[in-house]
Amino acid sequence: MSQPTLTQPQTVTGIDLTDVDLFMRGDHTAAFAKLRAEQPIYWNEGADGSRFWALTTYDDVMWAYRNHETFGSGRGAIVGGSFRSEDDTSAGRMLVTTDLPRHRMLKQVIHPSMSPGVAKRVAAQVAELLARALERTRADGGCDFATDIAPELPAGALMVVMGISHEEAHHLIGLTRRMVGYRDEIFVDTGGDQRLRLAWLQAEVFEFFADIVAERRRNPGNDLISTLVRAEVNGRRLSEEEIFYNCMNVAVGGNETSSYTACTGLLALMDHPEQYQRLRESPQLVGTAVEEMLRWSSTNAYVQRVAKHDVERGGVQIKAGESVTLWNYSANRDENQFQDPHLFDITRTPNRHLTYGSGLHRCIGAPIAQAELSLLFEQLMVSGPRFRLADDVRRLRSNFLLGITRLPVEVI
């Protein structure tokens with residue numbers, strides 16, 4: 001039996017997945033469809049100098065998620081996300097950039113702070129914040145959903161999980177939003193070196209946590225930060241940096257996924273009025289509707305891995321040390337996995353989307369995000385106002401997190 005011929009890296013003309021304008025324009029959906037059809041394992045040579053493989057089909061992305069012996073996380077989740085280092089400076093210290101066996105140990109430390117019991121407390125806190133925000137919106141006849149309502153989801157979660165105030169939670173959301181939006185002029189001055197800017201923004205997040213960690217050392221509680229302060233991994237207390245990195249990990253994951261998915265989900269309903277009306281008439285469909293919003297938004301567009309050794313897949317040779325990106329967004333639109341993937345259907349089932357990832361690195365905060373989103377749309381469908389779009393939408397300037405930074409709505 002003849003052996004398959006291994007292909008060499010090639011670039012499909014006109015597609016550069018580091019081009020944030022591709023995502024801002026909304027042209028990435030068609031670009032991924034082209035890649036899945038023509039070159040599903042794609043060698044991307046970015047204009048920014050980056051070089052990486054892009055996995056675009058559901059099966060290939062799932063294969064890489066599950067194959068943790070071949071693909072490591074030490075290079076960081078984002079292409080080009082570490083300053084003056086090919087591998088991420090958080091490697092081995094932060095949950096998302098740590099491989100086995102340490103990954104399992106860190107997860108055991110953090111997991112109790114994401115338990116079903118904590119999710120219930122988060123839901124109660126979020127319900128209170130949403131009630132106030134929706135009351136203001138009714139009185140005003142509308143709002144910017146992206147800034148006035150959606151951030152209350154992560155704010156409520158941070159208040160419970162980290163034991164901080166509402167004001168502190170919104171300050172932290174602002175810091176992480178600046179860090180994630182380090183290429184977006186509405187958040188930061190985009191002049192100068194991007195990696196240096198990202199490093200400074202990360203330092204701001206660490207500075208926020210420094211005072212809180214010091215306070216928890218003096219007066220520990222039952223929140224995540226106190227847990228990290230007390231924790232031992234392999235018989236050793238976590239260092240200050242390890243605590244900061246894991247606080248940041250939870251904050252970034254929680255702050256962006258739920259609020260940006262909420263915005264994209266509401267926009268999808270407004271763009272599909274028949275689905276919006278059906279959900280209002282049958283609010284028991286909120287469960288499947290939220291799953292479809294998660295698939296549709298695919299807020300965390302990709303994650304990066306690094307090949308630990310040479311591996312062949314689909315006739316393509318991936319070499320040890322090469323970066324590999326797993327495109328959740330493309331996998332969630334794969335025609336071979338989802339019937340009519342470009343159709344927004346609140347009754348879609350089954351819906352095995354990869355928005356939270358899969359396997360070892362499946363999002364540890366998924367139950368909390370699920371509780372937040374379900375609560376929001378239950379309130380909106382049962383007793384909340386109905387919205388329509390009032391002005392232009394603005395999207396986050398990013399190819400990593402697909403979010404909406406401006407979503408003006410009016411009550412109808």
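The largest cavity in this predicted model has a volume of about 40 Å³. The structure holds just one cavity of 30 Å³ or more. If you want to find it, look for Ala64, Tyr65, His68, Phe71, Ser73, Asp99, Arg305, Leu360 and His361, which line the space. That lining is a bit of a mix: four residues are nonpolar, three polar and two charged.

Now for the charges. Side chains of opposite charge can pair when their charged atoms come close. Searching the whole structure turns up 21 salt bridges, and a few are worth a stop.

Start in helix H5, which spans residues 116–140. Here Arg132 pairs with Glu128, with 3.2 Å between the closest N and O atoms. Because the two sit four residues apart in the helix, about one helical turn separates them. Both partners are partly exposed: Arg132 has a relative accessible area of 38%, and Glu128 comes in at 43%.

Next, jump to helix H13 (residues 286–297), where Glu292 and Arg295 are three residues apart, again about one turn of the helix. Their salt bridge has its closest N and O atoms 2.9 Å apart. This time the pair is tucked away: Glu292 is buried at 0% relative accessible area, and Arg295 is buried at 0% too.

Glu292 also meets Arg348 in a salt bridge, 3.0 Å from N to O. That contact links distant parts of the chain, since Arg348 lies in the loop between helix H14 (328–331) and helix H15 (366–382), 56 residues from Glu292 in helix H13. Arg348 is buried, just like Glu292. Elsewhere, Arg102, Arg236 and Glu242 are joined into one network by salt bridges that share partners.

Terms used. Residues numbered from 1 in each chain as written. Predicted model: local features only at pLDDT ≥ 70, side-chain atom pairs only at ≥ 80, totals over all residues. Heavy atoms only, no water. 1 Å grid on protein atoms, 1.4 Å probe; cavity = no way out; pocket = protein on both sides within 12 Å on 5 of 7 lines; lining within 4 Å. Points joined across faces, edges and corners; volume = space filled by probe spheres on them. Nonpolar A, V, L, I, M, F, W, Y, C, P; charged D, E, K, R; others polar. Salt bridge = Lys/Arg side-chain N within 4 Å of Asp/Glu carboxyl O. Buried < 20%, exposed > 50% of the residue type's maximum accessible area, 1.4 Å probe, protein only.
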